[in-house]
Every structure is written in structure tokens, then in C-alpha cells.
Amino acid sequence: MYGLFRLIYSDKYLVDIGTHVFPTTKYQLLYQRLIKEGLFKRSDFIYPPPATNEEILLAHTKNYLEKLKKGTLSLDDLFRLELPYSKELIEASLICVKGTILACQHALEDGICVHIGGGFHHAFADHGEGFCIFNDIAVGIRNLQKNDEVEKIAIIDCDLHQGNGTADIFSNDKNVFTFSIHQENNYPAIKPPSDIDMGLSDGCRDKEYLGHLEENVTKIVADFKPELIVYVAGADPYEKDQLGGLLISMEGLKQRDKIVFGNAKKHNIPVAAVLAGGYAVNIEDTVQIHYNMIMEANAKKENRTSI
Ligand SMILES: [Zn+2]
């Protein structure tokens with residue numbers, strides 16, 4: 001390994017979904033920047049194959065998987081998904097699930113792993129919603145559980161939107177702690193309860209946001225004692241996001257990454273990070289926010305190995 005940890009990426013994530021607010025180009029832009037700047041080499045990246053049916057079925061129903069593979073989603077299904085169906089989109093989504101499976105495994109091996117993709121937290125076991133086809137986070141965690149790799153996992157979901165699919169899938173699993181910090185008056189309208197939901201008011205700024213985050217992350221790490229953190233590092237709490245109503249600055253989001261990685265490092269907990277949402281007016285800002293997260297992961301890892 002040339003860099004300090006591995007990353008997961010696929011060129012297939014760049015799917016043509018027509019004129020859409022979801023920027024599928026952000027993955028490639030971020031990957032190319034990381035390579036260009038030389039901190040990571042191509043050999044530091046893992047380029048995943050599609051997840052198998054067996055893997056997907058760890059968190060999804062057979063009926064839903066068949067509908068996706070055969071292209072038999074109903075109009076209602078497509079309406080909830082808010083994405084145009086294509087074979088390429090399903091293939092990219094299957095690869096993305098495998099990416100998060102691998103990110104969880106490599107985080108346990110290396111301390112940190114970042115998936116330049118994933119974070120599709122609105123997908124439920126039996127249907128997709130809000131641009132999310134498969135819940136890669138849930139499949140990744142279920143895969144670790146199946147192999148008895150860890151017992152207790154915490155999901156720190158900092159995407160602008162509440163992690164409804166993930167909360168629902170793990171609602172009866174005492175070994176998976178779900179935490180979501182999000183804008184209360186935003187999608188999804190119905191929010192199945194996470195173990196802790198921190199719903200923020202419209203216009204919330206850095207100080208309040210970071211205060212709530214620090215307090216909760218510190219508590220979760222100390223009380224629940226997770227053996228792995230899955231960090232859902234959505235870029236959409238950003239003040240210039242098109243879908244968001246929070247006012248978190250670029251600097252505030254850097255501080256957010258510091259809180260998550262800092263607490264993990266303090267307690268020696270591995271972190272698997274996924275990108276999730278990000279709809280800034282300028283795509284460069286979305287890429288910059290994700291890039292900053294990777295730089296913070298790198299700084300923490302560097303620090304850790306030097307101790
Ligand atoms: Zn989001």
C-alpha cells in the first residue's frame with residue numbers, strides 16, 4: 001500500500017441519469033483529483049466487482065432484488081426512487097454495495113477505509129427511495145455480522161437527510177447503533193426512529209451543529225463502545241446545497257470530520273466512510289467537501305501510525 005489506507009472506487013459510478021440533481025460525476029472528479037495530487041496511487045484503490053445475490057439478500061428481500069434485475073419495478077416504485085431505471089444504474093448499484101462491503105472489511109484491517117461512493121441510506125429492505133436503490137451500509141454491516149467479524153457497530157449518519165432506510169433495517173438489532181443528525185424539516189417525511197435522532201431546525205449553523213454532533217458522538221463511543229464506525233459523510237448539510245436548509249460552512253464540515261475521526265482515534269475504533277449525498281450549486285464544492293473528509297482521515301491515520 002502506497003498511501004496510509006485503501007479507498008474503494010469504480011468508473012461505473014458515473015451513470016448517465018439525464019438532467020438530475022444527483023451529480024454522478026462527483027465520484028470520478030474526486031478519484032482523479034486524489035490520483036493527480038499523488039497522495040494515493042491507483043494501486044491504493046480497490047475496484048469492486050458487483051455484489052452477489054447472496055450478499056444483497058443479507059439486507060434486501062428477494063422480491064425487490066428480482067424486480068430490479070428484471071426491470072419490473074412498478075410506477076410507484078420508480079416514483080419513490082426518483083431515478084430513471086437502466087441496466088447500467090443497477091450494475092453500478094451492485095458494484096457500489098460490494099464497495100461498501102469491502103470498505104467495512106478493510107476498515108477492520110487497516111483502521112480506516114474510504115469508499116468513494118455509497119451511503120444510500122434511504123433504501124429499505126423491500127424498496128428503494130430518494131435516489132437510493134440498495135442500502136449498501138446495511139449490506140456491508142450484515143456481511144460483517146454473518147462472518148462474525150465484529151459484534152457492535154455504530155452508524156454515524158451526518159448526511160443532511162435522516163437515514164430512514166438504515167434506521168428501519170436495524171430497528172431490532174441491538175448490536176447496531178444508528179445515529180442520524182439531519183435537518184428535521186426535510187425529506188424523508190416519515191422518519192422511522194434511529195437509536196438517536198438529532199433533528200435540527202432550518203438555518204442551523206456551525207456552532208450548534210458541531211455542539212450536538214460532539215456531544216452525541218462522544219456519548220455513543222463511550223457508552224455503546226462500537227468496534228467499527230460507519231461514517232455516512234454526506235456533503236449536503238453545506239450552506240450552498242440545493243436540497244438543504246442547514247447553513248454549515250465548508251470549515252464547519254471539516255470540523256465535523258475531525259469530531260468523527262478524532263473520537264474514533266481516541267478509542268482506537270476503525271472507521272469505514274461512505275460519501276452519501278451532496279448537491280451543492282457548484283459541484284466543485286461537493287467534491288471539495290468529500291476531499292476534505294479524505295484528508296482528515298489521512299491526517300488521523302498518519303497520526304495514529306506515528307504513535
Ligand atoms: Zn442527503
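Strands here are DSSP runs of E at least two residues long, helices are runs of H or I at least four long, and both are numbered from the N terminus. The model in these views is predicted.

**Figure 1. The whole chain, before we zoom in.** The protein has 10 helices and eight strands. Its C-alpha trace spans about 55 × 45 × 40 Å along the principal axes. The radius of gyration is 18 Å, which agrees with the value near 19 Å for a compact globule of 307 residues. Buried residues make up 48% of the 307. Take the contacts between residues at least 6 apart in sequence, and 75% of them turn out to join residues at least 24 apart.

**Figure 2. The cis peptide bond at P188.** Y187 and P188 are joined by a cis peptide bond, with omega at about 0°. To find the spot, look in the loop that runs between strand 5 (176–183) and strand 6 (196–200), where P188 sits. For background, most peptide bonds are trans.

**Figure 3. E82, a positive phi between two helices.** E82 isn't a glycine, yet its phi is positive, near 60°. The residue belongs to the loop linking helix 4 (75–81) to helix 5 (87–110). E82 counts as partly exposed because it has 17 C-beta neighbours inside 10 Å, and a buried label would take 20 or more.

**Figure 4. F131, a positive phi between a strand and a helix.** Here phi is about 70°, again positive and again not at a glycine: the residue is F131. Its loop lies between strand 3 (112–115) and helix 6 (136–146). With 19 other C-beta atoms within 10 Å, F131 is partly exposed. Most residues other than glycine have a negative phi.

**Figure 5. Helix 9 and its buried face.** Helix 9 covers residues 250–266, 17 in number, and its first and last C-alpha atoms are 24 Å apart, close to the 24 Å expected at 1.5 Å a residue. Its buried residues are L253, R256, D257, V260, F261, N263 and A264. Viewed down the axis of helix 9, these buried residues fall within an arc of 160°, so they line one face of the helix. That fits a simple rule: an α-helix has 3.6 residues a turn, so residues three or four places apart point the same way. Turned away from the buried side of helix 9 is a face carrying exposed E251 and K266.

**Figure 6. Just past helix 9.** After helix 9 comes N268, and its phi is positive, near 55°.

How values were computed
Residues numbered from 1 in each chain as written. Predicted model: local features only at pLDDT ≥ 70, side-chain atom pairs only at ≥ 80, totals over all residues. Rg over C-alpha atoms; globule rule 2.2 N^0.38 Å. Buried ≥ 20, exposed ≤ 12 C-beta atoms within 10 Å, placed from the backbone. Contact = placed C-beta atoms within 7 Å. Expected span 1.5 Å × (residues − 1). Arc of directions from axis to C-beta.
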